[in-house]
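I opened this notebook to record what I looked up in one structure. The entries cover its enclosed spaces, its open spaces and the packing of its helices.

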Amino acid sequence: MEPSSSNTGFIQQQPVINNQFYDDVSYQRVARLFLPSDILDKITPDAAQIGQEILSQQVFDWVTDAEHNQPYLRGNGRDSFGKPKSELVVGEGWRKLQGYGFKKGVVALNYDTDHGPYTRLVQFLRCHLWEASCANTLCPAAMQDGAARLLQRHLFSSAAKKLSPIEREVFQNAYSHLTSRDPTKTWTSGQWMTERTGGSDVSQTETVATYDPFPSSAPVPLASQSESIPLGPWSISGFKWFSSATDSHMTILLARTHPSKGVSAFFAPMRRHNPSLVSHTGESGNGTELNGITIQRLKHKFGTQSLPTAELELKGMRGWLIGEEGKGIQEISTILNITRVHTTVSSMGYLGRSLGIARSFALVRPVGMGKGKRIALSSHPLHMRTLANMTTDYHGMMLLTFYTIHALGLDERSLPSNQAATKVPTPPKELVQPLLRVLSSLHKSYVCKITVPLVYGCMEALGGVGYMQNVESEHLNISRLFRDCCVGAIWEGTTDVLASDTLRALKHPLSGKQSVQALDWLILSSKNAGLVEEWQVLKNKIDTGKQEELLPEARGLVFRIAEIIISVLYLVDAEADPGVEIEAMCARFMEKKGFSVCEAPGKRAREGGLKLDQAIVYGAGKDLAQGAKL
Ligand SMILES: Cc1cc2nc3c(=O)[nH]c(=O)nc-3n(C[C@H](O)[C@H](O)[C@H](O)COP(=O)(O)OP(=O)(O)OC[C@H]3O[C@@H](n4cnc5c(N)ncnc54)[C@H](O)[C@@H]3O)c2cc1C
């Protein structure tokens, strides 16, 4: 009997975190299900390489640095002589992680690569891998993506209001930066909607934009001297309560132009050229300063601590109107459609990684089984059932998330007739937008909420180590992922706000019927009597109920529709790529949600024991022999 000491006795074997591209069975299934095989073959080498690189020690060191050296305001926003000086400092790790993401085209891919309507799927499969290693750098990237899409519509869509030559030049310049892969050129974007009056309801916006063009007698002041980009004719003042991408180069913001008009959307650069500034070395002429912005303070947050979220005061910020005055909500909805998907994919990325860590830990962690017997957690029937249940929920949400992305891709690039079809139901052209209108709020409302306790479950799966910060083993840091994950159900619309928005979409006097029809088309395609029947009841309720009567039930209604859609997609997946595990997952999901499973494939499979649970968690035929040293 040797007593243990700090260095002797039992020391837990290190879990090995595997490349999620291969290791995450759900990820692989989703890629096979949604992408035509030729596209999947084409993107596999790159995606697999990213899956490996993001687990490197280098990347985790950057993550630790971004979390440890959090953004700060130099001198609390003043220089040594007390002059206001809003200088935000972000750490080396943050910048390196951002640069890596730019190079890998986490945003640019959608704009410089063409996989037809599958381009968005390819992009978000890439983001999914990166989320848990990017230390929130994908948050400004999400807004960058939304801003790029908005400017793209104004630059290239014939439906958009005609741009003046100078507006075109300004927007084109920003668009080129937003879609670049070169870290020295790439811009991220802010998205400033939330004010103290409320983020859910921006109708009370107190920021005011005044049309105040520069006099034609003098040259127009520049945003950037090197690029000769002029500042805009609108002068914007107000207070923005939350700005996450405070280190960005530009922003899209909402402001009011007239008391009787709705809010309007504006583009504004973060900085402007000021030739009168003199540097501490006496240099003049090249100085830049913030474009009428004061960083009031940085927020102290529960999570997303690497992200520079600030309160901003605007005084005479110069900007350009986007679209028509009073139509800001419509403009910003283009961005929200994108940023909501990014938020949901981040939830999936966090959960995917957390499950990956839990799987790896289970392989090496010995536990007691009574009577002195010790087994690896991966052979423990209850632990495996717990992980299998979590994996089943995860896969269902992956299906819903990537189906929404499929609809987004179809909305942006229509399906050429000669393109190899995906295995998932593809809506007829006229139903793509109505379907996307519902899915974009529905999927985020459901997924971002349901994910939180599941990530927590992964923390628990590691026992006490799961609750630690694990900065000394950053690859195991589920507590960071949990903290970051919690914001998903708040920003870009809370669960209830998005549930009400989904209801609004379904009850809309003009487009509501088509949205209901789109869901009808999707759910009926399953030919599953139980699901169809349940949907008919809900549909009838939506048809006959007044919006205000349905409002208190909106969350329940929307979650139920989400569960029906997930079941439909589970059935599609089980048929397209059959196997006992997927059939069991499908049956278990449907049973748990109270749907009749008699028609679900593999009803028998749900009875399966440890081997089946292991196959759900690790994939069929995986060798679990590396197991714990018992
Ligand atoms: C870390 C972080 C970063 C952020 N970054 C940004 C950013 O970069 N840009 C930006 O614009 N915003 C940002 N936000 C703000 C975020 O989008 C808002 O906090 C969110 O939209 C909620 O708005 P609110 O805080 O004003 O809460 P409120 O809108 O006041 O909501 C409070 C509660 O009321 C409920 N509620 C409100 N309205 C309704 C309704 N109509 N129906 C049902 N329930 C309702 C909500 O569900 C919530 O539970 C960020 C927030 C966080 C936490």
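**Entry 1: the second largest cavity**

I began with the residues Leu97, Gln98, Gly101, Phe102, Val106, Trp130, Thr137, Leu138, Ala141, Gln144 and Thr188, which line the second largest cavity. I note at once that the model is a predicted one. The space in this cavity amounts to about 60 Å³. I then asked which elements supply at least two residues of this lining. I found that α5 and α8 each do so. The largest share comes from α5, with four residues. Sorted by class, the lining of the second largest cavity holds six nonpolar and five polar residues, and no charged ones.

**Entry 2: the largest cavity**

Next I looked up how many cavities of 30 Å³ or more a search of the whole structure finds. The search finds eight. The largest cavity contains about 170 Å³ of space. I counted 18 residues in its lining, and those nearest its centre are Cys139, His342, Thr343, Ser346 and Trp491. Three elements, α8, α10 (328-364) and α14 (478-485), give two or more residues each to this lining. Of these, α10 gives the most, with five residues. By class, I recorded nine nonpolar, six polar and three charged residues in the lining of the largest cavity.

**Entry 3: the second largest pocket**

I turned from cavities to a pocket. The second largest pocket has a volume of about 1,500 Å³. I recorded 48 lining residues, and the closest to the centre of the pocket are Ser86, Glu87, Arg271, Thr288 and Glu289. Which elements supply at least two residues of this lining? They are the strands β2 (88-89), β10 (271-273), β11 (288-290) and β12 (293-298), together with the helix α5 (92-103). The largest share, five residues, comes from α5. I note that α5 also supplies the largest share of the lining of the second largest cavity. The lining of the pocket divides by class into 20 polar, 14 nonpolar and 14 charged residues.

**Entry 4: helices α8 and α9**

I then examined pairs of packed helices. Two packed helices are described by the angle between their axes and the distance between the axes. I therefore looked up both values for each pair.

For helix α8 (residues 138-156) and helix α9 (residues 165-178), the axes come within 9 Å and cross at roughly 140°. This angle makes α8 oblique to α9, because only angles over 145 degrees count as roughly antiparallel. The crossing of α8 past α9 is left-handed. From α8, the residues Gln144, Ala147, Ala148, Leu151, Gln152, His154, Leu155 and Phe156 take part in the contact, and they meet Arg168, Phe171, Gln172, Ala174, Tyr175 and Leu178 of α9. I sorted the residues of this contact into nine nonpolar, four polar and one charged. Gln144 of α8 had appeared earlier in my notes, in the lining of the second largest cavity.

**Entry 5: helices α17 and α19**

I repeated the procedure for helix α17 (residues 529-544) and helix α19 (residues 554-576). Their axes come within 11 Å and cross at roughly 150°. The two helices are therefore roughly antiparallel to each other. I recorded a left-handed crossing of α17 past α19. On the α17 side, the contact is made by Leu531, Glu534, Trp535, Leu538, Lys541 and Ile542, and on the α19 side by Leu557, Arg560, Ile561, Ile564, Ser567, Val568 and Leu571. The classes in this contact are nine nonpolar, one polar and three charged.

**Entry 6: helices α20 and α21**

My last pair was helix α20 (residues 580-592) and helix α21 (residues 610-618), which pack at an angle of about 95° with axes 9 Å apart. At what kind of angle, then, does α20 lie to α21? I concluded that α20 is roughly perpendicular to α21, because angles of 65 to 115 degrees count as such. Val580, Glu581, Ala584, Met585 and Arg588 of α20 make the contact with Leu612, Asp613, Ala615 and Ile616 of α21. I found six nonpolar and three charged residues in the contact of α20 with α21, and no polar ones.

How values were computed: Residues numbered from 1 in each chain as written. Predicted model: local features only at pLDDT ≥ 70, side-chain atom pairs only at ≥ 80, totals over all residues. Heavy atoms only, no water. 1 Å grid on protein atoms, 1.4 Å probe; cavity = no way out; pocket = protein on both sides within 12 Å on 5 of 7 lines; lining within 4 Å. Points joined across faces, edges and corners; volume = space filled by probe spheres on them. Nonpolar A, V, L, I, M, F, W, Y, C, P; charged D, E, K, R; others polar. Axes fitted to C-alpha atoms, helices over the stretch in contact; angles between N-to-C directions. Parallel < 35°, antiparallel > 145°, perpendicular 65-115°, else oblique. Left-handed = near helix turned anticlockwise from the far one by under 90°. Contact = heavy atoms within 4.5 Å.
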